[in-house]
Amino acid sequence: MKALIYLLVGCVFSVGLILSGMTQPLKVVGFLDIFGSWDPSLAFVMGVAVLTTLVGYRLVFLDAKPLCEDSFKLPTLQHIDMRLLSGAVLFGMGWGISGLCPGPALASLVAGSVGIYVFVIAMFLGFVVAPKLIK
Amino acid sequence: MLNSYVLASAGGLLIGLSAILLMYFNGRILGVSGIVSSLVSLAPSNKLCSAAFILGILISAAVFKQINPAWIPGALPMSLPSLFIAGILVGVGTRLGNGCTSGHGVCGIARLSKRSLAATATFMTVAICTVYVINLLSGVLS
C-alpha cells in the first residue's frame, strides 16, 4: 500500500515537472539567467507549488497521524550549519551547469540520450560518495 | 508566452498536490534526492517505496514523451565530462545539504523551515551566478 502511494505520487509529481517545463534544461537555464535573456515563467512553478503545499500541509496536519503510518516523519534538524550551506552551494553549481535537478533528471532518462545517462550515473555516484565526505 | 505561465502554474499545482498526498498517506516529505538516494544508502530505508517512486516518475515521463518529445529533450548538448561533473555536484550537494529543489525549495519552505529557506536561497543564488559565469566565459571564448 505504502509503495503504491509512492508510485502514484511519483506519477503526479512527474506530470507536474513536465507540464511546468522543469524537464527542459534549456528553459531552466533561461530561468536562472536573470542577467541575460531571463525567462521568469518557472518562478510560477515554485510559487504555486509552495502555496499549494503550504495550505495542504496545514489541512493534513489537522489529523493526528497520516493514513498509512503511525506518525508524521518530519525533519528534526533546526540549525543552519556549514554542511547544509556547502551542500547547497555544490548543488547550485551542478544545477546551474546542467539545468538538471534530481527529479527532472530521472524523468529525462526516457529521452534515452547518453548525456542524461552520464548525469544520472554521476548523481548516484555522488549520493554514494557524500556520506564518506562527512566523516 | 502566457501559455507557459499557465502551464508553469498548473505544473506547480500538481507538484504541490503530490507533496500533500505523500504527507497525507505516508507522513513523509516529498524530497526527491532523499527518496532516491536511499536506494544506494546503507542506512535502513524502504527501498521498495523509493523504487516505486522512480517508476512513477518514469511512467508519466514515458507517456508524455509520446505526446510531445520536446517536453523531455534530455540533457543539454554539452560535453560528457561537464555533465558528469554536474551530476557529481548535484549528487554530493543534495546529500550534504539534505535536500534539493523539492525537499527544501517546495516542502521545506511550505513548512517555513529556516534551514530550507537558507538552503534554497543559497542554491538559487549559486545557480544564478553559475549560469552568469558560464555565459560570460562562453562569450569571451567564442
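**Figure 1. K2(A) and E69(A) make a salt bridge, with their closest N and O atoms 3.5 Å apart.** This is a predicted model, like every view below. K2(A) sits in helix 1 of chain A and E69(A) in the loop between helix 3 (42-60) and helix 4, so the bridge ties together parts of the chain that are 67 residues apart in sequence. The lysine is partly exposed, with a relative accessible area of 32%. Its partner E69(A) is buried, at 18%. A search over all chains turns up 3 salt bridges, and the next two views take in D39(A) with K27(A) and R115(B) with D81(A).

**Figure 2. D39(A) pairs up with K27(A) in a salt bridge.** Here the closest N and O atoms are 3.1 Å apart. D39(A) belongs to the loop between helix 2 (25-32) and helix 3 of chain A, while K27(A) is in helix 2, and the two are 12 residues apart. D39(A) counts as buried at 16% relative accessibility. K27(A) is buried too, with a relative accessible area of 17%.

**Figure 3. A salt bridge between R115(B) and D81(A) joins two chains.** The N to O distance is 3.8 Å, which still makes the list because the cut-off is 4 Å. R115(B) comes from helix 6 of chain B, and D81(A) from the loop between helix 3 and helix 4 of chain A. Buried or partly exposed: which is R115(B)? It is buried, with a relative accessible area of 6%. D81(A), on the other hand, is partly exposed at 26%.

**Figure 4. W95(A) meets F123(B) edge-to-face.** The whole structure holds 12 aromatic pairs over all chains, and this one crosses between chains, from helix 4 (residues 82-98) of chain A to helix 6 (residues 114-141) of chain B. The ring centres of W95(A) and F123(B) are 6.0 Å apart and the planes are at 80°, so the pair gets the edge-to-face label. Both rings belong to buried residues: W95(A) has 2% relative accessibility and F123(B) has 1%.

**Figure 5. F124(A) and F127(A) pair within helix 6 (residues 114-134) of chain A.** They are 3 residues apart, about one turn of the helix. Their ring centres lie 5.4 Å apart with planes at 85°, so this pair is edge-to-face as well. F127(A) is buried, with a relative accessible area of 3%.

**Figure 6. Here is the largest nonpolar core, with 74 residues.** Which residues have the most contacts inside this core? They are W95(A), L106(A), F119(A), L30(B) and F53(B). Helix 1 (residues 2-20) of chain A gives the most to the core, with 9 residues. Leaving out neighbours within four places in sequence, F119(A) is in contact with S98(A), L100(A) and A105(A) from chain A, plus L83(B), A86(B), G87(B) and V90(B) from chain B. F53(B) also turns up in an aromatic cluster with Y6(A) and F13(A).

**Figure 7. A nonpolar surface patch draws on residues from chain A and chain B.** The patch covers about 700 Å². I34(A), F35(A) and W38(A) make it up together with Y132(B), V133(B), L136(B) and L137(B). V133(B) lies in helix 6 of chain B and is partly exposed, with a relative accessible area of 42%.

Terms used: Residues are numbered from 1 along each chain as its sequence is written. Chains are lettered from A and ligands numbered from 1 in the order in which they are written. This is a predicted model: local features need pLDDT of at least 70, side-chain atom pairs count only at pLDDT 80 or more; totals for chains, interfaces and linings use all residues. Side-chain values use heavy atoms; hydrogens and water are left out. Rings of Phe, Tyr and Trp (its six-membered ring) pair if their centres lie within 6.5 Å; planes under 30 degrees apart count as stacked, over 60 as edge-to-face and the rest as tilted. Helices (H or I, at least four residues) and strands (E, at least two) are DSSP runs, numbered from the N terminus. Buried means under 20% relative accessible area, exposed over 50%, partly exposed in between (1.4 Å probe, protein chains only). Patches are made of residues with over 30% relative accessible area and no salt bridge: like charges are joined within 9 Å, nonpolar side chains (Val, Leu, Ile, Met, Phe, Trp, Tyr) within 5 Å. Accessible areas come from the Shrake-Rupley method with a 1.4 Å probe; for residues, only the protein chains shown count as cover. A salt bridge is a side-chain nitrogen of Lys or Arg within 4 Å of a carboxyl oxygen of Asp or Glu. A nonpolar core is a set of buried Ala, Val, Leu, Ile, Met, Phe, Trp, Tyr and Cys residues joined through side-chain atoms within 4.5 Å. Contact means heavy atoms within 4.5 Å.
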